[in-house]
Amino acid sequence: MNAKVYAYIRVSSKDQNEDRQKIAMREFGIPDNFVFMDKQSGKDFERPGYKQLMRKIKPGDTLVIKSIDRLGRNYEEILEQWRILTKEKRAAIVVLDMPLLDTRHGRDLVGTLIADIVLQLLSYVAQTEREFIHQRQAEGIAAAKARGVRFGRKPMERPPEFDVVRLKWEKGLISARKAAAQLGITHQTFLAWATETKKVFAAGEKSTV
């Protein structure tokens, strides 16, 4: 049986356009009925197009992809899929955006070794970049906090009539639950605001003594 050449296209959402990848596959000479496609995120490999491709591909066949990230969402998954395709399926892989990752002419030990080294290097670079990004994010957050920037949900603004209702509650004219209902907030929120206001007033009185 003659070896076949397949292509795999993936776009991360249904809103993205796959035309660029389709054109590249046609220019490579792959007929449309040998092109498998998914319009889903790369969060897992439960993708109908990819699963159908994996059932079709046989030893000696070739898989063409536009870029290496079409195989997975991160380099751990990419390495795993590369291993399955080249070692278990014994197929060749052509990555159009990375000419060094073309195992068609390197099925011998040297060619396989070169492709594996390049792939491992890409994995290392990507992992290092992710760690740098996380480090920069952590440093940026720490610097922002040092400047007094607050993170998280914006505090709820107190209604203009809060102080009037609070004074009624402090005088015993209404209950905390009724005060909260009048302000349109929860019982716990009203008590928290009232306690905080009392502390602010107490601190102000001490400072004037």
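This text walks through a predicted model of one protein, from its overall layout to one pair of helices.

Start with the whole chain. The protein has 209 residues, and 33% of them are buried. Its accessible surface comes to about 13,900 Å². Carbon and sulfur atoms account for 56% of that surface.

Next, the secondary structure. The protein contains seven helices and four strands. Their order along the sequence is β-α-β-α-β-α-β-α-α-α-α. The pattern opens with a strand, and strands and helices then take turns up to the fourth strand. Four helices in a row close the pattern.

How does the chain meet itself? Take the contacts between residues at least 6 apart in sequence. Of these, 60% join residues at least 24 apart.

Now turn to two of the helices. Two packed helices are described by the angle between their axes and the distance between the axes. Helix H5 covers residues 162-170, and helix H6 covers residues 176-183. Their axes come within 9 Å and cross at roughly 165 degrees. Angles over 145 degrees count as roughly antiparallel, so H5 is roughly antiparallel to H6. The crossing is right-handed.

Which residues of H5 and H6 make the contact? From H5 come Phe 162, Val 165 and Trp 169. From H6 come Ala 176, Ala 179, Gln 182 and Leu 183. What is the character of the residues in this contact of H5 with H6? Six are nonpolar and one is polar. None is charged. The polar one is Gln 182 of H6.

How values were computed: Residues are numbered from 1 along each chain as its sequence is written. This is a predicted model: local features need pLDDT of at least 70, side-chain atom pairs count only at pLDDT 80 or more; totals for chains, interfaces and linings use all residues. Side-chain values use heavy atoms; hydrogens and water are left out. Helices (H or I, at least four residues) and strands (E, at least two) are DSSP runs, numbered from the N terminus. Buried means under 20% relative accessible area, exposed over 50%, partly exposed in between (1.4 Å probe, protein chains only). Contact means heavy atoms within 4.5 Å. Accessible areas come from the Shrake-Rupley method with a 1.4 Å probe; for residues, only the protein chains shown count as cover. Axes are lines fitted to C-alpha atoms, for helices over the stretch in contact, and angles run from 0 to 180 degrees between N-to-C directions. Angles under 35 degrees count as roughly parallel, over 145 as roughly antiparallel, 65 to 115 as roughly perpendicular and the rest as oblique. A crossing is left-handed if the near helix is turned anticlockwise from the far one by less than a right angle, and right-handed if clockwise.
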